Amino acid sequence: MTETIKYTPEQEEKLINDAYQNLLNGYLNSNHRKKVEIIDKAFRFACEAHKGIRRRSGEPYILHPIAVATIVSQEIGLGSTSICSALLHDVVEDTEYTVEDIEAQFGKKIATIVDGLTKISGGIFGSKASAQAENFRKLLLTMSDDIRVVLIKMADRLHNMRTLASMPPAKQYKIAGETLYIYAPLAHRLGLFAIKTELEDLSFKYEHPDTYKKIGEQIATSEARRNEIFDHFAAPIRKRLDEMGLQYEFKARVKSHYSIWKKMESKHVPFEEVYDLYAARIVFECPKEQDEKRICWNIYSEITDLYRLHPDRIRDWISTPKANGYRALHITVMGPDGNWIEVQIRSRRMDDIAERGFAAHWKYKIGEGEEESELAVWLQTIEDILKNPEPNAIDFLDTIKLNLFASEITVFTPKGEMITLPKDASVLDLAFNLHSQIGSHCIAGKVNHRLVPLSHKLATGDQVEVLTSQSQKPQPEWEQYLVTAKGKTRLRSAIRHDRRQVIEKGDKMLREFLAANGQEIVPETLTRIISIEKAPNKEALFYMIGNNEIALSQQMIKALKPASNGGILAKFLRNPFATKATPDDGIVKFEGKIDASKVYHLSSAQGHQNYKLAPCCHPIPGDDVVGYVDDNNEVVVHKMDCPELGRLKISYGSRLLQTQWDASQATFLAVVHIEGRDRMGILHEIINLISRNLAINIRRLDIKADSGVFTCELDVLISDVSVVNNLCKKLKKVDGVTSAARIS
Ligand code: MN
């Protein structure tokens, strides 16, 4: 907990004046018309209104509105109206003054914005779930009136996040959660990239302090080496750019803690693998907008003279800007030390828009049309949702959240061809969109060089290669993996065409097989096989055989003999693993008041368990967790990144407990997900590894092998997170296994 700071009145006055002077200087250096008088007036008004009030940290309160106004001016790029509104944003809420007072002093515009800010303050979220949705609705409605309300609110939130250390931990979780859930996506959608990144990083820091620290240390350790590689790479390029007579900035780009962590989590890869991706950015000065494109490509030409270009990784966001207005030229080249290095080439104007979004664009007032209309579309969508009555207020929040993300994705073929698909489109969608034949023979995909099943959902920027095999046939079940109409139509017609041929082929295969094994082909034989293979009828059986869904093996011949007792594997699968239930009765209830500053010890000593594990995220000891006191006064433990917890944080932040695991623990359930190429014997190897080499109690095993790719899900009872990490490590060593990781 931060200490409260005490200042002398003289120190305080200097603190305030310095902060205000910094705000003014920034404003005077901007392109805006200089309306210092009204800003001065707003400053004096706010000073008077907040006089004698302090923030939790002990600072004079007025420093907060000044900081918010500074962000609004210097980081978002807005003008005097917004600066005044930011200075006054907490006046109506926290002091005796009313909106009418503001209007009388500063006019209607500023009063309306301050009013909007007052309505949505107090945190967007009240203590009741429906109230928060209602407030959020207000936020968006107000925003439709004047986007500046949202931009200032964003600045307010950013400053609160920057000063979050002075809050008690439970409050920190709640605020950090809200920030990730609402503000960061909103910032992203508005194109406020720098703010979005900072909000995410700050939230991450408070939600996972240890991981945050660890990543920070790893960044620091690898820094010298990275700088060396970058300098080596940059020197010849700088020489060329100087020869071109350009004014420019050339910097290595460092990924944020949060984005490194997200990538590590989502791709299940270690720090090194994420951080080994090198990236750099060139920002050049360019007074004439019409020269921008040409200079970008000139720079491209100079760099590719020096270094080998990765032909599949050119992203021309200049000719086709991203939906949020982003423009730049991205290329990837092989650096002198043998690393692939991505270089982003942008003009100062493009860079400004990328970092500060639409607000920055207003500064240039050129080509306003496109971005403005994109924003208008977005606002329209929100309005539509608002008009559409929602039965459940919480659902409304979810709808909005989803709609904050673009409804289309853009992916790339290995040849760099750009393909736009609807959101949630799968590898199979892409395959069918490329060609019926590619779709019909699709067995899997390679997304960013990683093997994925054909059902894998694609994301913008993915590089996707479709893997096909002539032995593959279109399957009716595939329809569930398709979201595009084109894909569905093509699949259906491919199946119609294919089925007849497959049935004929299967019929022939079976007859030949039986004959080769000395089996008489009489109707009884067929009937037996149909029942052994659980096929609905003869045609279906032939189809499955023709499609290689049923293997024509010696097992089938054996099964035809009545005395057969099945193979070892059959026995193995029939006899499920021994199960042991976790003790989930007799939970010791939570007593007393919830105190955010105290740590609750999670204990299960001698059968006196004082918590329950959330069924949504299956936490296990060692995980970062938060306790939630439910209606039965039982403490339910959620993983820090559990989406359900995210909801609870927002609605019931006051019921959250800081927790710590006790050393002695019983067993817990963990789910392990394994993926790989389906080669002969691999499943057997995996099962062996799990069941023999490690003393792990398996509760469920679910293997799906389809089209050359298999996935395996495993519920195991373990006592410590290290056991499951160890298991995954060993699994990854099995030839053909591409990933093995614990999932929620
Ligand atoms: Mn505020």
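These are legends for four close-up views of a predicted model. Local features are described at pLDDT of at least 70 and side-chain atom pairs at pLDDT 80 or more, while totals for chains, interfaces and linings use all residues. Residues are numbered from 1 along each chain as its sequence is written, and side-chain values use heavy atoms, with hydrogens and water left out.

**View 1. The manganese ion and its protein donors.** Four residues hold the ion here: His 64 and His 89 each through NE2, and Asp 90 and Asp 156 each through OD, at 2.2 to 2.5 Å. Donors are N, O and S atoms within 2.8 Å of the metal (3.2 Å for Na, K and Ca), and since water is not among the atoms, sites may look incomplete. Read along the chain, the donors follow the spacing H-x24-H-D-x65-D. His 89 counts as buried because its relative accessibility is 3%, and Asp 90 makes the cut too, at 7%. (Buried is under 20% relative accessible area, exposed over 50%, partly exposed in between, using a 1.4 Å probe and protein chains only.)

**View 2. Ile 152 in helix α9.** Helix α9 covers residues 147-162; helices (H or I, at least four residues) and strands (E, at least two) are DSSP runs, numbered from the N terminus. With 0% relative accessibility, Ile 152 counts as buried. Leaving aside residues up to four places away in sequence, Ile 152 touches Val 68, Val 72, Ser 82, Ser 85, Ala 86, Ile 113 and Leu 117, where a contact means heavy atoms within 4.5 Å. Ser 85 sits 67 residues away along the chain, yet its C-alpha is 8.0 Å from that of Ile 152.

**View 3. Strand β6 and its two partners.** Of the 8 residues in β6 (residues 340-347), 6 are buried. Strand β2 (residues 278-284) runs parallel to β6, joined by 7 bridges, with Phe 284 opposite Ser 347. Strand β5 (residues 329-334) runs antiparallel to β6 through 6 bridges, and there Thr 332 faces Glu 342. Pairing takes at least two DSSP bridges between strands. The β5-β6 hairpin has 5 residues between the strands, and Gly 338 takes a positive phi near 85 degrees.

**View 4. Helix α29 and its buried face.** The 12 residues of α29 (721-732) reach 17 Å from first C-alpha to last, close to the expected 16 Å, which is 1.5 Å times one less than the number of residues. Val 721, Val 724, Leu 727, Cys 728 and Leu 731 are buried. Down the axis, these buried residues fall within an arc of 125 degrees, so they line one face of the helix; the arc is taken from the directions from the helix axis to the C-beta atoms.
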